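I opened my notebook to get to know a new structure. Please look along with me as I jot things down.

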Amino acid sequence: MPHLTIDYSSRLAAAFDARALVEELHPLVVEESGTSGVCKTLLRPAETYAGDGPSREAAFVHVEVGLMPGRSEARKARLSESVLALLAKHLPADDGSEERVFLSVEVRDLAVTYRLSPSAR
C-alpha cells in the first residue's frame, strides 16, 4: 500500500544505484510501517538549487512515504530515521568536495480521498 516518491538532484543519478535503494527501501517501509501492502515508488530526478550564497546549487534526496492513516507519530518518526539511514548508506561517502548532499524524509498519511485502481491490462 505505501506510496513512495523519491526526488533527487539529477546530478546524483550516476552517484547512487536507485534500483538497489528501492530494493532495500520497500521491505524496510513495509516492516517498519506495519503494512501488508505492496510499495509503489516514483523516482524523479530534478534540477536543484538552494540558498542565496555564491553557489546556489545543492544536491539533495527527499523521500516521501504516503501511508494509510492510523500509525502513531512515534512509528512514523522511527520510519523516517530508518529511511534516512538507508539513504546515507546508498550515497557515496564524502569525497572532499565542497558540495554537500542534503537528505530528508517525510512520512505522511494519505488523504481520506485516496483511491487505488489497478489497470485492467
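Here are my notes, beginning with the sheet and ending at a single serine.

**Entry 1: the sheet.** I reminded myself that this is a predicted model. I then asked: in what order do the four strands of the sheet lie? I read the order as β2-β1-β3-β4, in an open sheet with mixed pairing. At the edges I found β2 and β4, each of which pairs on one side only. I also noted the twist, which averages 10° from one strand to the next.

**Entry 2: the partners of β1.** Strands of a sheet pair through backbone hydrogen bonds, either parallel or antiparallel. I wanted to know in which sense β1 pairs with β2, parallel or antiparallel. The pairing is parallel, and I noted seven bridges between β1 and β2, the latter covering residues 40-46. Two spots helped me find my place: His3 stands opposite Lys40 in β2, and Leu4 stands opposite Thr41 in β2. With β3, strand β1 pairs in the antiparallel sense over six bridges. Here I marked Thr5, which stands opposite Glu64 in β3.

**Entry 3: how enclosed β1 is.** I looked up burial along β1 and found that six of its seven residues are buried, so the strand is largely enclosed by the rest of the structure. I then followed the chain from β1 through α1 to β2, and this β-α-β crossover is right-handed.

**Entry 4: the helices on the sheet.** I went back to the sheet, which is ordered β2-β1-β3-β4, and to its edge strands, β2 and β4. Helix α1 packs on this sheet and touches β1, β2 and β3. I wrote down about 140° between the direction of α1 and that of β1. Helix α2 packs on the sheet too, touching β3 and β4, and its direction makes about 150° with that of β4.

**Entry 5: the core.** Which residues have the most contacts inside the largest nonpolar core? They are Val29, Val63 and Val83, in a core of 24 residues. At least two core residues come from each of β1, α1 (18-33), β3 (59-67), α2 (73-90) and β4 (101-109). Helix α1 gives the most, with six residues. I looked closer at Val29: beyond its neighbours within four places in sequence, Val29 is in contact with residues including Leu4, Cys39, Val65, Leu79 and Val83.

**Entry 6: Ser9.** I finished with Ser9, which lies in β1, residues 3-9. Is Ser9 buried or exposed? Its relative accessibility is 0%, and therefore Ser9 counts as buried. A polar atom of the Ser9 side chain lies 2.7 Å from the backbone nitrogen of Phe60. Setting aside neighbours within four places in sequence, I listed its contacts as Ala46, Thr48, Ala58, Ala59 and Phe60. Last, I checked Pro45: this residue is 36 residues from Ser9 along the chain, yet their C-alpha atoms are separated by 5.6 Å.

Conventions
Residues numbered from 1 in each chain as written. Predicted model: local features only at pLDDT ≥ 70, side-chain atom pairs only at ≥ 80, totals over all residues. Heavy atoms only, no water. Buried < 20%, exposed > 50% of the residue type's maximum accessible area, 1.4 Å probe, protein only. Polar contact = N/O pair within 3.5 Å; in protein donor to acceptor, adjacent residues only side chain to side chain. Contact = heavy atoms within 4.5 Å. Core = buried A, V, L, I, M, F, W, Y, C linked by side-chain atoms within 4.5 Å. Pairing = 2+ DSSP bridges. Right-handed = clockwise from strand over helix to strand, strands pointing away. Axes fitted to C-alpha atoms, helices over the stretch in contact; angles between N-to-C directions.
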